[in-house]
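Reader: I am in my first year of study and would be grateful for a close look at one part of this structure. Could you begin with a single residue and its setting, and then work outwards to the rest of the chain?

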Amino acid sequence: MKPTASLICVSASLLAFGVSQAACFPDSPLTRPDSRYEAANASGSEVKDKETGLVWQRCVQGMQWNGTTCTGAATAQDWVVATKTAADAKWRLPTQVELEGLSEKSCSDPALNQTWFGAGPYGWVWTSTDMGSPDGAVVVHSGSSLIANLIKKIPLFVRRVRS
């Protein structure tokens, strides 16, 4: 069972990024099936969640959708820079609940819908949710769906959203 309700303290040594194939439970129906999503623009670089109405960038910050996959290098940013650059581009950081909403509960490593969000590196992704401290914010791991509270000065991945 994944510890989604409790926070997990992690050290900087656990911030490794990687790309892998999803490991899905064979007898478990997908919680985030392909039919839940649709392209939100002509290029397919934006994805609309038909259940929540949220529009997501298909690729993490720094990568671009080429019509088939995400290409380029992911750009890790600290929380302050990520928040500012998202707002400058008319996007925002997702809340913890929103980012957790992308997690495919029937798969791990990565715990994302592979058709719509499967291209790119997996690792810790910033949310806009803070923990009541000016120094920390909640992060969600796109590979495992683990949740942590990390210092805002650490460069991590960014996946932007808008309502």
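Author: The residue chosen as a starting point is Asn113, which sits in the loop between strand E7 (107-108) and helix H3 (114-117). The model is a predicted one. Asn113 has a relative accessibility of 4% and therefore counts as buried, the limit for that class being under 20%. Its side chain reaches into the helix that follows: the backbone nitrogen of Trp116 is 2.8 Å away from the side chain of Asn113.

Asn113 also appears among the contacts of Tyr37. Leaving aside neighbours within four places in sequence, Tyr37 is in contact with Asn113, Trp116 and Phe117, and also with residues including Arg32, Val47, Asp49, Gly101 and Leu102. Tyr37 is in addition a member of the largest nonpolar core, which has 22 residues; Tyr37, Trp56, Cys70, Leu99, Leu102 and Phe117 are the ones that touch the most other members. Two elements, H3 and strand E9 (136-141), give two or more residues to this core. A second core, separate from the one just described, has 11 residues, among them Trp124, Trp126, Ala137 and Leu156.

One partner of Tyr37 deserves a separate word. Gly101 is placed in the loop between helix H2 (96-100) and E7. With a relative accessible area of 17%, Gly101 is buried. Apart from neighbours within four places in sequence, Gly101 has contacts with Arg32, Arg36 and Tyr37. The pair Gly101 and Arg32 shows how the fold brings distant positions together: 69 residues separate them in sequence, while their C-alpha atoms are 8.7 Å apart in space.

Arg36, another contact of Gly101, leads to the charged groups. The structure has a count of 5 salt bridges. In one of these, Asp49 pairs with Arg36, and the closest N and O atoms are 2.9 Å apart. Asp49 belongs to strand E3 (residues 46-49) and Arg36 to the loop between strand E1 (23-24) and strand E2 (37-39), so this pair ties together parts that are 13 residues apart in sequence. Both partners, Asp49 and Arg36, are buried. Arg36 forms a salt bridge with Glu51 as well, with 3.5 Å between the closest N and O atoms. Because Glu51 lies in the loop between E3 and E4 and Arg36 in the loop between E1 and E2, the pair ties together parts 15 residues apart in sequence. The surroundings of these two partners contrast: Glu51 counts as exposed at 60% relative accessibility, whereas Arg36 is buried with a relative accessible area of 10%. Arg36, Asp49 and Glu51 are thus linked in a network of salt bridges.

A further salt bridge joins Arg162 and Glu46, whose closest N and O atoms are 2.6 Å apart. Arg162 lies in strand E11 (residues 161-162) and Glu46 in strand E3, so the pair ties together parts that are 116 residues apart in sequence. Arg162 is partly exposed, at a relative accessible area of 29%, while Glu46 is buried at 15%.

The core member Cys70 leads to a covalent link. A search of the whole structure finds 1 disulfide, formed by Cys59 and Cys70 with their sulfur atoms 2.0 Å apart. The torsion about the S-S bond is about -90 degrees, so the disulfide is left-handed. Cys59 lies in the loop between strand E4 (55-57) and strand E5 (64-65), and Cys70 in strand E6 (residues 70-71); the bond therefore ties together parts 11 residues apart in sequence. Both cysteines are buried, Cys70 having a relative accessibility of 9%. Besides Cys59, the contacts of Cys70 beyond four places in sequence include Arg58, Met63, Trp65 and Ala119.

These details belong to a chain whose secondary structure comes to 3 helices and 11 strands. Read from the N terminus, its elements follow the order β-β-β-β-β-β-α-α-β-α-β-β-β-β. The chain has 163 residues, of which 44% count as buried. Among contacts with a separation of 6 or more, 63% are between residues 24 or more positions apart. The chain exposes about 8,000 Å², and carbon and sulfur atoms supply 58% of that area.

Methods:
Residues numbered from 1 in each chain as written. Predicted model: local features only at pLDDT ≥ 70, side-chain atom pairs only at ≥ 80, totals over all residues. Heavy atoms only, no water. Helix = DSSP H or I, 4+ residues; strand = E, 2+ residues; numbered from the N terminus. Buried < 20%, exposed > 50% of the residue type's maximum accessible area, 1.4 Å probe, protein only. Polar contact = N/O pair within 3.5 Å; in protein donor to acceptor, adjacent residues only side chain to side chain. Disulfide = S-S within 2.5 Å. Contact = heavy atoms within 4.5 Å. Core = buried A, V, L, I, M, F, W, Y, C linked by side-chain atoms within 4.5 Å. Areas by Shrake-Rupley, 256 points an atom, 1.4 Å probe, with all protein chains shown as cover. Salt bridge = Lys/Arg side-chain N within 4 Å of Asp/Glu carboxyl O.
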